[in-house]
Amino acid sequence: MKTLIILAHPHLDTSRVNQKLANAATRIDNIEIRDLYKLYPDFKINVVAEQAALKKADRIVFQFPIYWYSSPALLKQWEDAVLTHGWAYGSTGHQLQNKEFLLSVSVGGGQEHYTRTGLHGYRLAELLRPFQSMAGMVGMKYSRPFITFGARTITDGELQNQADHYVKLLQTVTPLPKFGLLETESDS
Ligand SMILES: Cc1cc2nc3c(=O)[nH]c(=O)nc-3n(C[C@H](O)[C@H](O)[C@H](O)COP(=O)(O)O)c2cc1C
């Protein structure tokens with residue numbers, strides 16, 4: 001099982017959560033981490049290199065902090081450039097078919113803020129729908145997102161636990177738990 005982490009954090013040097021999770025993931029065999037902001041500070045993406053890395057992987061992870069209810073801009077640029085018609089989708093675009101897809105996202109808000117009546121008004125699962133739809137469009141299997149809530153207030157101990165869970169999840173060789181379009185309200 002080969003895993004590719006597409007890591008998108010514009011300030012990884014000052015990151016607490018994503019740096020910790022990415023460092024923990026390096027302990028795993030058969031993993032490649034592509035730090036997009038390091039590779040492409042000018043936003044000029046090497047599409048051939050990205051598609052080659054994707055092709056080799058069985059499991060693809062997008063890891064990023066949530067910025068304004070979405071991903072940092074370079075990941076969106078990456079999607080637009082790399083997931084091309086005839087390669088990722090369309091009648092002849094099947095390169096990502098049946099690969100597993102996992103989101104690993106961190107948010108400043110607590111889980112209680114991501115509810116109908118909470119500060120943000122929507123569950124995080126709803127806000128992540130564009131990624132779920134993208135995965136469906138290119139034939140990848142969307143699994144339950146790995147979410148780190150309360151990124152600014154999480155204690156060192158909680159963050160360590162979270163990193164340990166992340167490593168365990170990434171080491172899982174059986175298919176990851178699926179996450180359907182119609183999840184119940186209690187699902188994040
Ligand atoms: C530009 C910007 C936008 C952000 N937007 C959100 C947001 O929409 N929702 C939220 O809960 N947190 C938001 N945050 C907080 C980040 O998600 C949080 O700081 C990050 O997940 C922490 O991870 P790190 O320690 O790896 O940097 C935002 C932070 C920045 C800098």
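Author: Contact here means heavy atoms within 4.5 Å. This is a predicted model, where local features need pLDDT of at least 70, side-chain atom pairs count only at pLDDT 80 or more, and totals for chains, interfaces and linings use all residues. Residues are numbered from 1 along each chain as its sequence is written, and side-chain values use heavy atoms, leaving out hydrogens and water.

Reader: What makes residues 156-171 count as helix 7, and how do you know that its span agrees with its 16 residues?

Author: A helix is a DSSP run of H or I with at least four residues, a strand a run of E with at least two, both numbered from the N terminus. The expected span is 1.5 Å times one less than the number of residues; that gives 22 Å for helix 7, and its end C-alpha atoms lie 23 Å apart, which agrees.

Reader: Which residues of helix 7 are called buried?

Author: Buried means under 20% relative accessible area (exposed is over 50%, partly exposed in between; 1.4 Å probe, protein chains only). Leu159, Gln162, Ala163, Tyr166, Val167, Leu169 and Leu170 are buried in helix 7. Taking directions from the helix axis to the C-beta atoms, they cover an arc of only 165°, which puts them on the same side of helix 7.

Reader: What do the buried residues of helix 7 pack against?

Author: Their partners include strand 1 (3-7), helix 1 (17-25) and strand 4 (100-106).

Reader: How many helices and strands does the protein have, and how many of its residues count as buried?

Author: Seven helices and six strands; of the 188 residues, 50% count as buried.
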